[in-house]
Number of protein chains: 2
Amino acid sequence: MSGMGRPARISRDDVLRASMAIADSGGLGAVTMQAVARRLGVTPMALYRHVTNKADLLDALVEGLLTEFPLPAADLPWDERLRGLGRSIREVARRHPSLFPLLLQRPAATPESRRVRDAACAALEEAGLGAAQARRAERLLSTVVLGFAVSEAAGRFRDHPPSVIEEDFGCLERVIGQVLEGLVRPQERRAEHW
Amino acid sequence: MSGMGRPARISRDDVLRASMAIADSGGLGAVTMQAVARRLGVTPMALYRHVTNKADLLDALVEGLLTEFPLPAADLPWDERLRGLGRSIREVARRHPSLFPLLLQRPAATPESRRVRDAACAALEEAGLGAAQARRAERLLSTVVLGFAVSEAAGRFRDHPPSVIEEDFGCLERVIGQVLEGLVRPQERRAEHW
DNA sequence: ACCTGAACACCGTTCAAGT
DNA sequence: ACCTGAACACCGTTCAAGT
């Protein structure tokens, strides 16, 4: 397809992996074109062949967070699938605490985020919600889970022992479970408000 | 108290106000020591007399967000006070969309954040929760409200018309109201899980 | 096609000097 | 006490040049 020229010494994937490692160990501020280049043994200008600029680099990094975990097995009951999704996302936040907060500041309409969103919507529809109801529930649910994971990863709860925060999350899971149950069972009068 | 020397041309408050205006109109990236100085008609080095460095400047700015709204009147019923708090915070997010996301990434233990937190805890205790229960409920509630406000301010919902997002928030308010009601009324069996 | 060298406009921050 | 000028080490990014 393409005339070959000189063989590439680094790939776009190398650039992304090096940037991710720097972000994880040194924080977002340490992700610098020069730092990434140094780690790859190359000059900063070489990066621009594989990445259009720094904003593009960060975009790719943040999007990649959403492909780091597998979607829950489709044969699990819907409530377990939702729980699994929430826990996976929380683990990603712990693994990449400096990048993760950016996830809450991006449009929820990229291909990668759609993949996760559709999995959640499918589970919610299987629970008995209509399509529009499911999409609304997914927006609120993802906001809650991302908000908690960002808070935790960024250290907003740093004054509390981990066991307390763990129990906070358990609490959140139970409350969400109850709310969804109430939505699904028709005999509960509250469902009509949605 | 202090030997007077030369009269000051700018104050710390001038620096903060100028920085806030720049952040609101040009985004976080536009907040630069040189940009702030230019707006004040002074050289960048003059700022360091009133602010220890740029991190300190941003800290002060973010903390200031929490003093921009009045706490709800103490004679209102507890549920209206919580609702008022949530709406005030959401308005702050709209006013300062580029600074607001930083709020979710900071320890919730500064004097300014304590002021808001204590108001929420007081309302929750008045609702009938014990002290520890109230603090946990406040952590979760603030996470949910901040998460929603950040999402909104940062444009995560930009693909949906404002009316849909408005109804999302109304939905959130109702669900929270129902959960708190369930917690408070002893005859509901769910309360024991908390 | 891929990488480098040199260059540019910008950062934050310091230090000694002026008033 | 407050501000400035000059300076330093660092940014992101471009462009022409090498292989």
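These are my notebook entries on a predicted model with two protein chains, A and B, and two DNA strands, C and D.

**Ground rules**

I number residues from 1 along each chain as its sequence is written, and letter chains from A and number ligands from 1 in the order in which they are written. Since the model is predicted, I take local features only at pLDDT of at least 70 and side-chain atom pairs only at pLDDT 80 or more, while totals for chains, interfaces and linings use all residues; side-chain values use heavy atoms, with hydrogens and water left out.

**Entry: chain B against chain A**

I began with the protein interface. I found 41 residues of chain B in contact with 41 residues of chain A, where contact means heavy atoms within 4.5 Å. The two chains bury about 3700 Å² between them, 58% of it on carbon and sulfur atoms. That buried area is the accessible area (1.4 Å probe) lost by two parts on being put together, summed over both.

Next I looked up the charged pairs. Chains B and A share four salt bridges, each a side-chain nitrogen of Lys or Arg within 4 Å of a carboxyl oxygen of Asp or Glu. One of them joins Arg136(B) to Asp168(A), with the closest N and O atoms 2.4 Å apart. I also noted ten residue pairs in polar contact between the chains, both residues at pLDDT 80 or more. A polar contact is a pair of N or O atoms within 3.5 Å; within protein, one must be able to donate a hydrogen and the other to accept it, and residues adjacent in sequence count only if both atoms are side-chain atoms.

Which elements of chain B give two or more residues to the side that touches chain A? They are helix H6 (131–154) and helix H7 (162–184), and H6(B) gives the most, with 13 residues. Helices here are DSSP runs (H or I, at least four residues), numbered from the N terminus. By class, I have 20 nonpolar, nine polar and twelve charged residues on this side of chain B. Ala, Val, Leu, Ile, Met, Phe, Trp, Tyr, Cys and Pro count as nonpolar, Asp, Glu, Lys and Arg as charged, and the others, Gly among them, as polar.

**Entry: Glu152(B)**

I stopped at Glu152(B), which sits in helix H6 of chain B. Its side chain makes a polar contact of 3.1 Å with that of Arg94(B). Leaving out residues up to four places away in sequence, Glu152(B) touches Arg90(B), Arg94(B), Phe157(B) and Ile165(B).

**Entry: DNA strand C**

I see 22 residues around strand C, and Arg9(A), Thr43(A), Met45(A), His50(A) and Gln34(B) come nearest; a residue is near a strand if one of its heavy atoms lies within 4 Å of it. Of the strand C atoms within 4 Å of the protein, 60% belong to sugar or phosphate and the rest to bases. A polar side-chain atom of Arg49(A) is 3.4 Å from a base nitrogen of strand C. Tyr48(B) places a polar side-chain atom 3.0 Å from a phosphate oxygen of strand C.

**Entry: DNA strand D**

Strand D is surrounded by 22 residues, the closest being Gln34(A), Arg9(B), Thr43(B), Met45(B) and His50(B). The sugar or phosphate share of its atoms within 4 Å of the protein is 61%. An N or O atom in the side chain of Arg6(A) is 2.9 Å from a base nitrogen of strand D. For Tyr48(A), I noted a polar side-chain atom 3.0 Å from a phosphate oxygen of strand D.
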